[in-house]
Amino acid sequence: EGDEEEGEVEEWDGEGMILQRCAMGGPNRQRNVGIHTIEIYHPQFYIKQLELEEYDSRPDRYGPSVIGKYTKGIGMIEARFPTDDEDPVSFSLTVTHRLIDRMNREGFNMTGHYAPDGQTLNSWNAFGRIDIGSESLIDRSKSMKSYVMDIFERYGDGEANIEGVDMYNACYGGQACGLAVLSWVESDRWDGRYGIAVATDISEAHPAFLAFVGAATTATLFFPDAPMAHHSQRASCILHRLDFCKPVGWHDMAPVTDGKYSVECYLDALDSCYATMKKKLNDRELFQITDYNVFHTGGGYHIVKKAFERLLRCERPECRGSEREELTEQRLHPSVHILKRVGPCHTVSSFLNTASVVMSQMENALGKVICVFTYGSGCASSLYQMRLDDIPYFDPLEVWYVKHFYKNSIKVHPEQGVVHQAYVETWMKFDYKPYGRDRYGWDVQLLEDDVYYLGEIDKFGRRFYHRGGLKTKPFDKKHRLPVDAAEGRPDRRHWGPVPEKPKEKVKTEEEIRRQIEYDMTFDHEAEAGNYQEVGEYTDTYKREQKVKILRPVADARPSASTLEPDGREHAYHIVGTWSRRQPQEMRRNGDEWSFEVILGENRWEEFHLLQDADPARRIYPHVEQAGREAIPVGPHDGGETKAWFMDCRDRVDVPEDQVGMPGDKYLVTFRWKKLKELSWSKLVGEVGEPEPSRYYIAGSWNDFELSEMKADSSRRRGWFTTEVQMTSLGIEFKLLRNEDFAQLIYPVPAKRGEITAGCTAPIAGPDALGKTNWRIDGGRLGEVYRISFFRDPEDCEPAGMRVRWAKIDERPVVEPDPAYYLVGPWNGWGAQGMQKMAHEPGDFSSFTGDVTVQELAADEKTPEKRKFIMPFKIVQHKSPARCVHPDKDRCTQLMEHRVTMDDGGRDTSWCIGEHPNDKAGRGDVFTVRLQIAAGGAMGVTWRKAT
């Protein structure tokens, strides 16, 4: 270098230089780009494939050869289709608008994370790219995307800066736009906003081929930090094939196709993509690194299954029989739930099938990989993988069915499927207004308010839409645009007046009864217990975002068969207080079932029915403590607090013909012809021997466990006694009849708020209202008391009862063995029972119990801040006065603290998961240990159970 002249630079011709591409997932790329949610729209009309088979098997159609073809052959259950007031553009408008509404409603707009100023964008301005994929072309020049831009211009203050247009290809167009949006978000031209890939298609079918109809639209939301990330390689196969096409000028919507050859092209493309992907993955088997398989849907489920078996033979040729069926069930079937009910829908299918996996598996899919194969005739295909890193923004499938899929659906008989023919005939129509619903008798009030409908095709072929269609009012003035008038766009004002909603007719008694039962068994907000909350998950990247996971409780969601008899043979059992709530079979006589009840000494009885002795098929009244006029509900898994109350006491509100005395007989009768009916009547002159009452006591000396009182033979009938020694626990107790906590006998305290009373207090019961206990005051340790209870067999009123106690002896005190119980949020801090801790026989220095971690509010004042924690306390002998607690709230085992046992601890507790060293996660089980030293000092520790 020192020999070179000043300013002289050596030239280099670049020989030997190797240019490097940007690495996949490299530092210049966004992190974990993928899918945050998939919004799904489907039209209202649907048919049952089983009914279509029966219809098509008629001699005037195809004959019996079609039986099983649509259901077992191509594996379908239902199919969706529109009429002529919807098309792929209206679908796209609806699904995009609904997605934005859901983002606003559920609050998963994360644009603020990538904004320079940290401010979250308005949802209508939060999208930087939208592509639409379809094979249902409506214009050879104007893109469907441009139609969708209309709603952004109206609601997003003129928003126009959104890239993307249409991608048109048989079946593959939707996937092509998905990959394009994905690449945009990954690129260095990404501007921090969301991308949407809309796939929209209608697999139209003439009435002769209705089995192959299908229609749906998806809007797939792409963004970094995705719950469902595109994390791996992908492979494609694009070839020139003439298996399927729709030439310009073709006279019909339907394609020119060679069905058998098209399936061969599909499988050849799968083979090619598989070979390329395997090479990119260094010859690793896809089955080793894949948990679920998603395939493009051609003509139905049978194509998907054929593709899966093809892939299975490539990797595991030895797989046969039950092993293959098990793999099909585990890997393929989660992807076909929606497909089987919607039907083939071209470009939409791979997105629907992906959504099916997530919605059916939910938290079970966390950390697992989905392999997607998507295909379009002509031919174009791709194969790629996605990893589920978190719970995406989906409803569980069963919840989605109820909330969305069937909510406003219209089931039609195959003969009514002609309403779809109106859509098929819109091909190449000009100067046209939809007529299908009106011609075939479907009320305009059935239109959905948040769905876009075609209002008119003008003489130039331009299409105009309105949200809510003819059912709703025109745009508000603030949402009208100058271009509407400039271009002479017709709108809702040009399509006639808004129809008035029909006045509700006065309901008959039968309709009222049916509505009450329907509301109780189908309103999932009103009837608790239909869905079980698995928990709320915290989004990995957006900590303030929660996703609630619900699971249907088994058999808790009744079908319509609970309103109508199902035509099968059933037995009915009655469950009442006279038999200690043990089921007893009712006697059948034709179309009614009856049972004779012998009135007990309460002079009232409570009961409900069971179908086939199944507790999950309970029949109960629509109100609590119901009389004969109450409406029966069920069979249904619910109504635990509701029962018929046969009150036979002499009361103002009890009919005279119902008043009776112990031993009188009553006949309970249940009928179910068209409506369920239940009644009872007194069998005048008939008497029997009621089951003798037994009385139980539960007290502080035995941790409120039940023990039976003995009949006192030395006194008149009706006296029962037991003996109790005074210990350091005192003597506090409950009385109840027949081991039934709904038949408590309790004191009425002199002052409101008191929870105990002595034997001079008035007596109430038997009923479930008792909140107070009896208590013996002033005794010395070792004193023995006889507690006596009297009930006059001839007097059912509280005045006929007595509670007395007297000291009968004094003995060396015998303290009960120590017993400790865990209480926390899982058992309502003891209100729903207490969890007993275990100890080694004879060793009372150490007690253990298991506690399961849940996700709970870190502070009741800020419920939105949640952690995987579980607070708890320990109670000795179930006594609130003996609460074992720390002197600090949310105390960890690593904190310096003092443990005391007293009647305090209302504001302090230990908290598993509060300290990071616990490493607590949802569902983790921790073993809590209470250690008691010889001097009485206590210590509490816990560790994760192995």
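Helix H5 (residues 173–186) is largely enclosed by the rest of the structure, because twelve of its 14 residues are buried, that is, under 20% relative accessible area with a 1.4 Å probe and protein chains only. Helices here are DSSP runs of H or I with at least four residues, numbered from the N terminus. Among the buried residues of H5 are Gly173, Cys177, Leu182 and Trp184. The end C-alpha atoms of H5 lie 20 Å apart, which agrees with the 20 Å expected at 1.5 Å a residue, the expected span being 1.5 Å times one less than the number of residues. The model is predicted, so local features need pLDDT of at least 70 and side-chain atom pairs pLDDT 80 or more, while totals for chains, interfaces and linings use all residues. Residues are numbered from 1 along each chain as its sequence is written, and side-chain values use heavy atoms, without hydrogens and water.

Turning to the interior, the largest nonpolar core (buried Ala, Val, Leu, Ile, Met, Phe, Trp, Tyr and Cys residues joined through side-chain atoms within 4.5 Å) has 84 residues. Phe127, Phe152 and Ile370 have the most contacts inside this core. Beyond its neighbours within four places in sequence, Phe127 is in contact (heavy atoms within 4.5 Å) with residues including Ile100, Met103, Phe152, Arg193 and Leu221. A second, separate core of 34 residues includes Ile74, Ala269, Phe287 and Leu383.

Elsewhere, residues of H7 including Tyr301, Val304 and Phe308 meet residues of H8, among them Arg324, Leu327 and Leu332.

Definitions and conventions: Buried means under 20% relative accessible area, exposed over 50%, partly exposed in between (1.4 Å probe, protein chains only). Helices (H or I, at least four residues) and strands (E, at least two) are DSSP runs, numbered from the N terminus.
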